[in-house]
Amino acid sequence: MSIGTKCVQGGYMPGNGEPREVPIYQSTTFKYASSADMGKLFDLEAEGYFYSRLQNPTCDIVAKKICELEGGTAAMLTGSGQAANFYAVFNIASCGDHVVSSSSIYGGTYNLFAVTMKRMGIDFTFVSPDCTTEELEAAFRPNTKAVFGETIANPALTVLDIEKFAAAAHKHGVPLIVDNTFATPVNCRPFEWGADIVTHSTTKYMDGHGSAVGGAIVDGGRFDWNAHKDKFPGLTTPDESYHGVTYTERFGLGGAFITKATAQLMRDFGSVQSPQSAYYLNLGLESLHVRMKRHCENGLAVAKFLQTCDKVAWVQYPGLEGDKYYEIAKKYMPHGTCGVVSFGVKGGREAAERFMGRLKIAAIETHVADARTCCLHPASATHRQMNDEELRAAGVTPDLVRFSCGLEDAEDLIADIRQALE
Ligand SMILES: *Cc1c(COP(=O)(O)O)cnc(C)c1O
């Protein structure tokens, strides 16, 4: 099946007389005939459901669809994108370990890594997404356990050279984790370029309608944990907290990562996505391929218009010819990038805020990648905890407006921007 068909039909194939639409299993628990049956589930010897903190049929159906879209071997839903990125990294890095991350990432992820996970004893080295291979290599340490980056960074719109980062990660025996939120699997499938784990904030384009916060983790199934056994004891040696199971032995390279993240991290941290949210997410996924096309068309039209405005200092959009990331975006995302355009209003921070206050169609929201056009001033919102130097490293200037083109008609969005600028 090609990507659009997977969006519509992936993950769920009802049998004779079963519901055509994905059912919402709004149940915390599941019934068994004997304690022995239940025991097998706890020992991970039989597949089945017992408690929705660990697994739920609705969530599993939707995770399976996202897994198919990314071309992975296993996937899980999480309660948010933050939980997805936390689990993806914490599943293989513990106190005393180190991770190499692109500096150009979502503000919440930066805070998670640089502040909260640092408090847990995990060190992060941030490198520019544009760094040379030598600079990237220099960031690794003997205790490095993963490399992290975003396909298209929120909000800086830098594009990750996935092949370059994957090659460096693999040379050092660690996986590359890619947050593919902005591109979505419709426009880029990082596994095809060497990434090992993909994460999503499904809150964005996948849901697409501002209905439900959620996240997902997908395993590409190709990283050989056993070839680097000493680095990943959590996957390759018995888990005493889970009946002595060795995840790589029992679930193979395709299933070990997600099973461990579910059995350990979801068990202990419990950042579940609700079945109701997963249902909304599935509705969004059914039209993802249709919507992404329109988001990209609107993004390009708005970026081209902004380029002609003398009150606009600069425009960044990876789909725009002449953009710093145009060529690399064409390589990884030949059919389009996303609907988010970043630009600076002449006059800096104050002018940016004044401009945003005059917009009539585009709403000021701490949101992005929605059916309705929205915009945000990151320096005073999502990134306000950063100092100027950290802001620059994250590709965020004080005048940056993040403008997320929705599904409206491009001429209306352009007219709205024109009147606000005037
Ligand atoms: C929004 C976002 C996140 C965080 O996701 P939540 O669902 O808000 O927790 C992570 N990564 C990227 C790229 C995002 O845009």
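**Exercise 1. The shell around the ligand**

How do the residues of the shell around the ligand divide into nonpolar, polar and charged? Work it out, then find the closest residues and their polar contacts.

*Solution.* Note at the start that the model is predicted.

Step 1. Collect the residues around the ligand. There are 16. Among these, Asn 154, Asp 179, Ser 201, Thr 203 and Lys 204 are the closest.

Step 2. Sort the shell by class. The split is 3 nonpolar, 10 polar and 3 charged.

Step 3. Ask which helix contributes. Helix H4, residues 81-90, gives the most to the shell, with 3 residues.

Step 4. Look for polar contacts, using the cut-off of 3.5 Å between N or O atoms. The side chain of Asn 154 places an N or O atom 2.8 Å from an oxygen atom of the ligand. For Ser 201, a side-chain N or O atom is likewise 2.8 Å from a ligand oxygen. Thr 203 has a polar side-chain atom 2.6 Å from an oxygen atom of the ligand.

Step 5. Check the cover. On its own, the ligand has 380 Å² of accessible area, and the protein covers 92% of that.

**Exercise 2. The sheet**

Find the order of the 7 strands in the open sheet, and name the edge strands.

*Solution.* Step 1. Trace the strands across the sheet. The order reads E1-E7-E6-E5-E4-E2-E3, with mixed pairing.

Step 2. Find the strands that pair on one side only. These are the edge strands, E1 (74-78) and E3 (123-127).

Step 3. Follow the twist. From one strand to the next it averages 20°.

Step 4. Take one pair. E6 (residues 197-201) and E7 (residues 215-219) run antiparallel and are joined by 5 bridges. Ile 197 stands opposite Asp 219 in E7.

Step 5. Add the helices that pack on the sheet. Helix H3 (residues 57-70) touches E1, E6 and E7, and its direction makes about 125° with that of E1. Helix H7 (residues 162-171) touches E3, E4 (144-150) and E5 (176-179). The direction of H7 makes about 150° with that of E5.

**Exercise 3. Two helices in contact**

Describe how helix H11 packs with helix H12.

*Solution.* Step 1. Locate the helices. H11 spans residues 275-286, and H12 spans residues 288-307.

Step 2. Compare their axes. The angle is about 60°, and the axes are 5 Å apart.

Step 3. List the contact residues. H11 supplies Gly 284, Leu 285 and Glu 286, while H12 supplies Leu 288, His 289 and Arg 291.

Step 4. Sort this contact by class. It has 2 nonpolar, 2 polar and 2 charged residues.

Key. Residues numbered from 1 in each chain as written. Predicted model: local features only at pLDDT ≥ 70, side-chain atom pairs only at ≥ 80, totals over all residues. Heavy atoms only, no water. Near = heavy atom within 4 Å. Polar contact = N/O pair within 3.5 Å; in protein donor to acceptor, adjacent residues only side chain to side chain. Areas by Shrake-Rupley, 256 points an atom, 1.4 Å probe, with all protein chains shown as cover. Helix = DSSP H or I, 4+ residues; strand = E, 2+ residues; numbered from the N terminus. Nonpolar A, V, L, I, M, F, W, Y, C, P; charged D, E, K, R; others polar. Axes fitted to C-alpha atoms, helices over the stretch in contact; angles between N-to-C directions. Contact = heavy atoms within 4.5 Å. Pairing = 2+ DSSP bridges.
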